[in-house]
Amino acid sequence: MKFIIGILILIFYKTTCIAQLYIVSTSELQYSPASISTLNNKFSYYNNILFEQGLFWQKRYKEFGHKKFMYNYHSVYKRDNLYGICVYGLDVDMISEEFERNKANKFRYWNKLRFGFKILVEKNVNEGPIVLKNLVSHLNEEFYINYLHLPHKARGDLMTKYRKHSYMIFITAIPGQKMIFQVSYKALEYVWFKAYYRKEFHIVHEGLSLEFEINKRGYDHSIVKYTHDTYKGWSFIIGQEITNSTNSISFYIGAKFNFRNN
């Protein structure tokens, strides 16, 4: 854990010491206070901690007069017995052109599409220490795509409640190891309903959750179009997950904090 904290401090120091950055920071902690086995109705407690700290950044200035359409990315995370570091990643806005009111690019006005990839170093706590000569075996490459549809009232820098009826599809995968498919729908003004399917090493997890955004002006004051759909502030999570390999249902609570200066 000290190693993870050290890497986190190093990432923040490196990025804040570079001149003039646009920064988006995401912090998430989820915890399962209880799980129940569907085979024998036996309860277990204090399981499955998820923590992730991510940092997106780009230089403020424009190059060759063009607006930036991608962010660099770093993170540290813990999922159950797995510790990981995203050494480097890119998050690319695939629909970055300026909107003009004509039919040719109307799709860009109603939708957001992002693509990303990450280079990861991961270690399971049940395995031995990382040996430098075997470092390559701990490397992974993760790819993801994120599609978001926004309703008419959500155009521009408006309040959280105007995001009602937004929906999102998120897919991420580490080839041969992990795949996650998640669908989200904002049925209420401040509440996201989320359902996901996660498969890791032939173990299947299926989950449902609610995420409550408590900052009613969480989408205001976006300086660049890239962050018009990036929530700023606290949100809280409750949910449950079914794991097929253990025939168990886990209950989750959690919190997220998003920060951006752009």
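## Exercises around Asp 229 and the core

A polar contact (a pair of N or O atoms within 3.5 Å, one able to donate a hydrogen and the other to accept it; residues adjacent in sequence count only if both atoms are side-chain atoms) of 3.0 Å links the side chains of Asp 229 and Arg 114. This is a predicted model: local features need pLDDT of at least 70, side-chain atom pairs count only at pLDDT 80 or more, and totals for chains, interfaces and linings use all residues. Residues are numbered from 1 along each chain as its sequence is written, and side-chain values use heavy atoms, leaving out hydrogens and water.

**Exercise 1.** Find where Asp 229 sits and decide whether it is buried or exposed.

*Solution.* Step one: look at the loop between strand S10 (203-213) and strand S11 (233-243); Asp 229 is there. Strands here are DSSP runs of E, at least two residues, numbered from the N terminus. Step two: check accessibility. Asp 229 has 14% relative accessibility, so it counts as buried (under 20% relative accessible area; exposed is over 50%, partly exposed in between; 1.4 Å probe, protein chains only).

**Exercise 2.** List what Asp 229 is in contact with, leaving aside neighbours within four places in sequence.

*Solution.* Contact means heavy atoms within 4.5 Å. Go through the partners: Lys 112, Arg 114, Leu 148, Leu 150, Arg 163 and Tyr 219.

**Exercise 3.** Work out which strand gives the largest share of the largest nonpolar core.

*Solution.* A nonpolar core is a set of buried Ala, Val, Leu, Ile, Met, Phe, Trp, Tyr and Cys residues joined through side-chain atoms within 4.5 Å. First, the largest one has ten residues, including Tyr 22, Phe 56 and Tyr 73. Next, S1 (21-37) and S3 (70-79) each supply at least two of them. Finally, S3 takes the largest share, with three residues.

Technical notes: Helices (H or I, at least four residues) and strands (E, at least two) are DSSP runs, numbered from the N terminus.
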